[in-house]
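Please look over the model below before reading the numbered points that follow. They move from the overall fold to one strand, one helix and the nonpolar cores.

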Amino acid sequence: MCAAWLAAGVSAYASDVKNALPKRVLVISFFDAGIPWANRVVESLRRNLDSESPYPIDLHIEFADLAYYTDEAYRQKLIELYRYKYPHSQLDLVIGIGDEEADFLIAYAEDLFGTIPMVVVSADPKALKRESLKSHMTSLVWEADIQGNIQSNTSGKAGGL
């Protein structure tokens, strides 16, 4: 009887998840859309979110170009654009990838997106100081894995090259 009850509960959960509305995720990225490396990062993120989340994912990618356009006028235009495209209640998670994007989200995200969960990813640990993060933000430090990249790029090729 307990096994039947447990099976029914799991089946109901699976049905609820399958019929759930997609979780809307916004990724604000520092790189340009045309860079092959950037496309690999985005596709990896998309693939992992799809495979790891029990819910359907509606992924939105914005290439902010904050490394190239550093003036306040450009930042204000981005703020206007994001306010227009992504009202507070329509997102479930915001991810900022890059040093400039981390700074941008720490400074403007609460005004833009309210207190929805956010992940800021930066190569600069100083940019991710705990005292500068809001309570709904978590941080990840982006580090290069040169040895891992070399192994990855040589392991699948003929002759180990």
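1. Helices (H or I, at least four residues) and strands (E, at least two) are taken here as DSSP runs, numbered from the N terminus. On that basis the protein chain has five helices and five strands, and from the N terminus on its elements run in the order α-β-α-β-α-β-α-β-β-α.

2. The model is a predicted one, in which local features need pLDDT of at least 70 and side-chain atom pairs count only at pLDDT 80 or more, whereas totals for chains, interfaces and linings use all residues. Residues are numbered from 1 along each chain as its sequence is written, and side-chain values use heavy atoms, with hydrogens and water left out.

3. For the chain as a whole, buried residues (under 20% relative accessible area, with exposed meaning over 50% and partly exposed in between, for a 1.4 Å probe and protein chains only) make up 32% of the 161 residues. The chain exposes about 10,200 Å², of which carbon and sulfur atoms supply 57%; these areas come from the Shrake-Rupley method with a 1.4 Å probe, and for residues only the protein chains shown count as cover. Among contacts (heavy atoms within 4.5 Å) with a separation of 6 or more, 61% are between residues 24 or more positions apart.

4. Strand β1 deserves separate attention: six of its seven residues are buried, so β1 is largely enclosed by the rest of the structure. Strands count as paired if DSSP finds at least two bridges between them; β1 pairs with β2 in the parallel sense over seven bridges, and Asp58 in β2 is the bridge partner of Arg24. β1 also runs parallel to β3 (residues 93–97), to which five bridges join it, with Leu93 in β3 as the bridge partner of Val25.

5. Two residues of β1 illustrate its surroundings. Leu26, which lies in this strand, counts as buried at 0% relative accessibility, and, leaving aside neighbours within four places in sequence, Leu26 is in contact with His60, Glu62, Tyr86, Leu91, Leu93, Val94, Ile95 and Phe113. The C-alpha atoms of Leu26 and Leu93 are separated by 6.4 Å, although these residues are 67 apart along the chain. Ser29, also in β1, counts as buried at 1% relative accessibility; not counting residues up to four places away in sequence, Ser29 touches Glu62, Phe63, Ala64, Asp65, Ile97 and Glu101.

6. Helix α3 (residues 72–85) has 14 residues and reaches 20 Å from its first C-alpha to its last, close to the 20 Å expected at 1.5 Å a residue, where the expected span is 1.5 Å times one less than the number of residues. Arg75, Leu78, Ile79 and Tyr82 of α3 are buried. Seen down the axis of α3, its buried residues fall within an arc of 105° (taken from the directions from the helix axis to the C-beta atoms), so they line one face of the helix. These buried residues pack against β1 (23–29), β2 (57–63) and α4 (99–113), whereas on the other side of α3 Lys77, Glu80 and Tyr84 are exposed.

7. A nonpolar core is a set of buried Ala, Val, Leu, Ile, Met, Phe, Trp, Tyr and Cys residues joined through side-chain atoms within 4.5 Å. The largest has 23 residues, of which Ile28, Tyr82, Val94, Phe104, Leu105 and Phe113 touch the most other members. The elements giving two or more residues to this core are β1, α3, α4 and β4 (118–122), and α4 gives the most, with eight residues. A second, separate core of ten residues includes Val25, Leu59, Ile97 and Val119.
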